[in-house]
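Please find below my notes on the ligand site and on a few backbone and packing details. They are set out point by point, for reading beside the coordinates.

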Amino acid sequence: MSLKIGVIGCGAIGREHVRRLTDLVPGAEVVAVADYFPEAAEKVAAQYGIKAYATGEELVAAPEVEAVVITSSDPSHAGYVLECLKAKKYVFCEKPLAQTAADCEKIIAEELKAGKRLVQVGFMRRFDRGYVAMKELIDSGKLGAPLMIHACHRNVSQPAGFQTEMGVTNVAIHELDICRWLTGEEYESAQVLKVRQSANSKGYDNPQIVLLETKSGVRIDVEVQVADCYGYDIQCQVVCENGTVNLPDPAAVVTRSDASRSFPILTDWKDRFIEAYDIEFQEWVKAVTAGKLTGPSSWDGYVACVTADTLNRSRGTGAFLKVETIEKPDLYK
Ligand code: NAP
């Protein structure tokens with residue numbers, strides 16, 4: 001028996017996930033879709049021979065939908081997650097979980113009422129083989145304690161409407177989660193800095209530097225460059241007491257020619273983390289089927305959101321601000 005899934009949001013990543021869940025994830029069956037733009041849902045529904053609902057709320061309430069994947073635009077996430085929780089349905093929500101800490105707290109309160117984890121957040125880097133190998137090495141203790149992380153998140157360009165704050169809430173949010181996961185630590189304080197600006201961006205800060213300090217004093221710097229004009233380039237180096245560990249570049253052929261050695265750099269996030277998304281959904285479907293979620297939780301979505309808010313509040317103040325969260329409920333320990 002397959003897990004019957006409804007997908008809300010038929011944009012870029014929604015269509016990718018419908019394809020992935022249909023073609024690559026054992027035990028999964030996408031039975032319904034919805035989108036704010038009805039033609040988008042109807043097109044996907046016709047392609048897969050499934051049902052299109054007029055609204056996300058109708059899809060969540062549909063009796064044949066056992067679990068929901070949310071891939072609509074950021075501002076709609078929290079409302080749909082709450083609908084799913086009220087219906088006691090498992091829900092996978094693309095990042096960010098919500099746009100405000102208050103909405104994340106509502107989600108946590110509703111999940112606590114359910115008495116078990118029902119929400120997973122789309123922090124797919126935790127399933128990337130490179131990051132997983134880094135974490136295993138750090139956790140083994142062979143390199144000693146982590147001291148610093150140098151990371152960078154570079155995108156080729158941004159669509160119209162991109163804003164400075166989204167460089168944190170929508171882009172660097174992946175680093176906010178993965179650095180917490182790699183170190184196994186919570187954040188103490190955060191600051192975002194504006195540096196010399198690139199002529200490649202208009203109307204928003206680019207680059208920005210995100211600075212974080214963990215409770216034990218690990219210092220993290222993340223270069224966020226959202227219009228680099230050359231590639232989708234994700235880098236991460238963890239500096240430990242007895243050595244360093246780097247995120248590997250994706251496999252690529254190396255060409256030797258014209259007295260030079262070169263390899264291509266990917267330009268699209270869909271390709272860069274394609275295998276991580278596949279593994280993420282394979283594990284999510286197994287976990288939902290077993291009734292026990294293990295992937296990134298509402299708490300992880302909440303901490304990322306609080307940290308992103310803190311960073312955005314720090315902009316222009318010249319100060320590190322304390323990252324302040326509610327107490328972690330036992331459900332997430
Ligand atoms: P997109 O191409 O703009 O797709 C979003 C889709 O959702 C659009 O079809 C949009 O319709 C629809 N939509 C907007 N508001 C809605 C609502 N209230 N109810 C139902 N549908 C609604 O964006 P995307 O790149 O696929 O991103 C979607 C989400 O995935 C974002 O939250 C993004 O942060 C996340 N994402 C995550 C990753 C990752 O690495 N994990 C990568 C990419 C995206 P309209 O066009 O009519 O507004």
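The points below go from the ligand to its pocket, then to the loops and an internal cavity.

1. Status of the model. The structure is a predicted model, and every value here should be read with that in mind.

2. Ligand surroundings. The shell around the ligand holds 24 residues, and Asp35, Asp74, Tyr80, Glu94 and Tyr277 are the closest of them. Sorted by class, this shell consists of 10 nonpolar, 10 polar and 4 charged residues.

3. Polar contacts to the ligand. Which ligand atom does glutamate 94 approach with a polar side-chain atom? The partner is a nitrogen atom of the ligand, at 2.8 Å. Aspartate 74 places a side-chain N or O atom 2.4 Å from an oxygen atom of the ligand. Histidine 174 also faces a ligand oxygen atom, with a side-chain N or O atom at 3.1 Å. Asp74 and Glu94 are both among the closest residues named in point 2.

4. Cover of the ligand. On its own the ligand has 910 Å² of accessible area, and the protein covers 76% of this. Three elements give two or more residues each to the shell around the ligand: helix 1 (12–23), helix 4 (77–86) and helix 7 (166–183). Two residues from the earlier points can be placed on these helices: Tyr80, one of the closest to the ligand, falls within the range of helix 4 (77–86), and histidine 174, with its polar contact, falls within that of helix 7 (166–183).

5. The pocket. Where does the ligand sit? The ligand is placed in the largest pocket, which contains about 1000 Å³ of space. The lining of this pocket is made up of 40 residues, and those nearest its centre are Ile13, Asp74, Lys95, Asn170 and Trp269. Asp74 therefore deserves a look in the viewer, as a residue listed both here and beside the ligand.

6. Make-up of the pocket lining. By class, the lining of the largest pocket comprises 15 nonpolar, 19 polar and 6 charged residues. Helix 1 and helix 7 each contribute at least two lining residues. Helix 7 gives the largest share, with 5 residues.

7. Cis peptide bonds. The bond from lysine 95 to proline 96 is cis, with omega near -5°. Proline 96 belongs to the loop between strand 5 (90–93) and helix 5 (101–114). Lys95, on the other side of this bond, is one of the residues nearest the centre of the largest pocket. Asparagine 206 and proline 207 are likewise joined by a cis peptide bond, with omega about 0°. Proline 207 is in the loop between strand 8 (187–194) and strand 9 (208–214).

8. A positive phi. Cysteine 229 is not a glycine, yet its phi is positive, at about 65°. This cysteine lies in the loop between strand 10 (219–225) and strand 11 (233–240).

9. The internal cavity. How many cavities of 30 Å³ or more does a search of the whole structure find? The search finds 1, and the volume of the largest cavity is about 50 Å³. Its lining is formed by Pro96, Ala98, Gln99, Thr169, Ile173, Cys305, Ala308 and Asp309. Pro96 has already appeared in point 7, at the cis bond after lysine 95.

10. Make-up of the cavity lining. Helix 7 and helix 10 (298–314) each provide at least two residues of the lining of the largest cavity. The largest share, 3 residues, is from helix 10. The classes are 5 nonpolar, 2 polar and 1 charged. Helix 7 thus recurs, in the lining of the largest pocket and in that of the largest cavity.

Note on methods: Residues numbered from 1 in each chain as written. Predicted model: local features only at pLDDT ≥ 70, side-chain atom pairs only at ≥ 80, totals over all residues. Heavy atoms only, no water. Near = heavy atom within 4 Å. Polar contact = N/O pair within 3.5 Å; in protein donor to acceptor, adjacent residues only side chain to side chain. Areas by Shrake-Rupley, 256 points an atom, 1.4 Å probe, with all protein chains shown as cover. 1 Å grid on protein atoms, 1.4 Å probe; cavity = no way out; pocket = protein on both sides within 12 Å on 5 of 7 lines; lining within 4 Å. Sits in = over half its atoms within 2 Å of the grid points. Helix = DSSP H or I, 4+ residues; strand = E, 2+ residues; numbered from the N terminus. Nonpolar A, V, L, I, M, F, W, Y, C, P; charged D, E, K, R; others polar. Points joined across faces, edges and corners; volume = space filled by probe spheres on them.
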